[in-house]
Amino acid sequence: MRWILVLLAMVASSAFGDGNGLERVRRHEPRMSYLDNGIVKLGVDLNLGGAITYLSKGGTDLNVVNGWDFGRQIQMSYYSGPVPFIVGRKQPKAEWRGIGWNPIQVGDAFGHGSRLVEEQNDGKRIHVKCVPMHWPLDDVPGECTYESWLELEGNVVHARCRMVNDRPDHTQWPARLQELPAVYTNGPWHRLMTYIGDRPFSGGELTQIEHPFSAADPWAVWIGTECWAAHVDDSGWGLGVVTPGIYRFGGGFAGKAGKGGPHEDPTGYIAPEAQEVIDWNIAHEYRYDLVL
C-alpha cells in the first residue's frame with residue numbers, strides 16, 4: 001500500500017515493534033488455489049483472503065509476486081477516515097497512526113490473515129470473497145467484504161473486484177486515494193516502465209520512472225496516459241498492470257535491485273490510483289488486467 005509501506009522496505013522489522021507480526025507471517029501456511037493455461041500460472045492464497053500471491057510464466061516456477069509481509073502481494077485496499085482509526089481500546093501501531101481506516105485483503109501488520117467466506121475454482125475462473133483486516137490494528141476485521149473474480153486469457157489475468165461496505169459510522173469522510181489494486185513484485189523486476197506522452201497508443205517511446213526510495217519521499221507519482229505501468233527485469237520482461245480509465249499512478253522500487261524472491265525485502269510497487277469518497281454503505285467495483 002502506497003502509504004502503509006513507506007518505511008517497511010527499509011525498516012521492516014522495527015515496523016512491527018515486538019516482531020510478532022513478521023513471526024506470524026513466517027509461520028503462515030498457504031492454502032493455494034491455482035489457474036494454469038500453460039502460458040500463465042496464477043495462484044491465490046485462501047488463507048489470506050484469496051489475494052494473489054503467485055504469478056509465473058507457464059513451464060517455470062519463477063514467482064513475480066512479493067510476499068515479505070501481509071501488506072504486499074497483489075491485493076485490494078481502501079482508505080477512509082477517521083485518522084487515526086481506533087476500535088474500542090485498540091489503537092493503531094504508532095508507525096501507521098496516519099493511515100486511518102484501511103481494510104486490506106491479505107491481513108494486518110500484526111500477521112493476522114483475512115477470513116475467507118466464499119471460494120470457487122472451476123478451472124477457468126477463481127472467485128473469492130473475504131472479510132478484510134484493518135492493516136494498522138491488531139486482529140480487527142473490516143466492516144465490509146471484498147470479492148474478486150479472476151480469469152486467464154493468454155498471458156493476461158483479467159480481474160474484477162468489488163467492495164461492499166457496511167460501516168456503523170455513517171460519517172462521509174473526505175475523499176482519499178485508493179489503490180486499484182496494490183501490486184508488489186520481487187527484486188529482479190526493478191525497472192519501472194510506463195508511457196507518459198501526449199499521444200497514447202501511437203507506439204511512442206516509453207519512460208522509465210526513476211525515483212530514489214527514501215523515508216521522506218518513498219514513491220513516485222506520474223500520469224500514465226495509456227493507463228498502465230510495468231516492473232521489468234534487465235531483459236525487459238516482467239509484470240504490467242492495466243486499470244482502464246485510471247491515469248494517476250504511484251510506485252517505485254525499494255531495496256537492492258536485481259535480486260530477491262517472494263519472502264525477501266526488495267520490492268517493486270505499482271498502484272493505479274483514484275481519489276474516491278468511500279461511503280459507509282458503498283458498493284465499489286473496478287477492473288484491472290495483469291500482463292506477464
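How many bridges join β2 to β3, and do the two strands run parallel or antiparallel? Select both strands in this predicted model: 6 bridges join β2 to β3, and the pair runs antiparallel. One contact to display is V44, whose bridge partner in β3 is I52. The two strands form a hairpin with 5 residues between them. In that turn, pick G49, which has a positive phi of about 70 degrees.

Next, add β1 (residues 32-36), which is antiparallel to β2 and joined to it by 5 bridges. D36 stands opposite K41 in β2. This is also a hairpin, with 3 residues between β1 and β2; G38 in the turn has a positive phi of about 85 degrees. Now show the surroundings of β2 (residues 40-45): 5 of its 6 residues are buried, so the strand is largely enclosed by the rest of the structure.

Return to I52 and colour the largest nonpolar core, which has 48 residues. I52, L55, Y288 and L290 have the most contacts inside this core. Centre on L290 and list its contacts beyond four places in sequence; among them are I52, L55, I74, V183 and L239. Another core, of 12 residues, lies apart from the largest one and includes A51, F70, I99 and F110.

Last, look for enclosed space. The whole structure holds 1 cavity of 30 Å³ or more, with a volume of about 70 Å³. Of its 13 lining residues, select I52, I74, Q105, S148 and Y288, the closest to its centre. β3, β4, β9 and β19 each supply at least two lining residues, and β4 gives the largest share, 3 residues. The lining divides into 9 nonpolar, 4 polar and no charged residues.

How values were computed. Residues numbered from 1 in each chain as written. Predicted model: local features only at pLDDT ≥ 70, side-chain atom pairs only at ≥ 80, totals over all residues. Heavy atoms only, no water. 1 Å grid on protein atoms, 1.4 Å probe; cavity = no way out; pocket = protein on both sides within 12 Å on 5 of 7 lines; lining within 4 Å. Points joined across faces, edges and corners; volume = space filled by probe spheres on them. Helix = DSSP H or I, 4+ residues; strand = E, 2+ residues; numbered from the N terminus. Nonpolar A, V, L, I, M, F, W, Y, C, P; charged D, E, K, R; others polar. Core = buried A, V, L, I, M, F, W, Y, C linked by side-chain atoms within 4.5 Å. Buried < 20%, exposed > 50% of the residue type's maximum accessible area, 1.4 Å probe, protein only. Contact = heavy atoms within 4.5 Å. Pairing = 2+ DSSP bridges.
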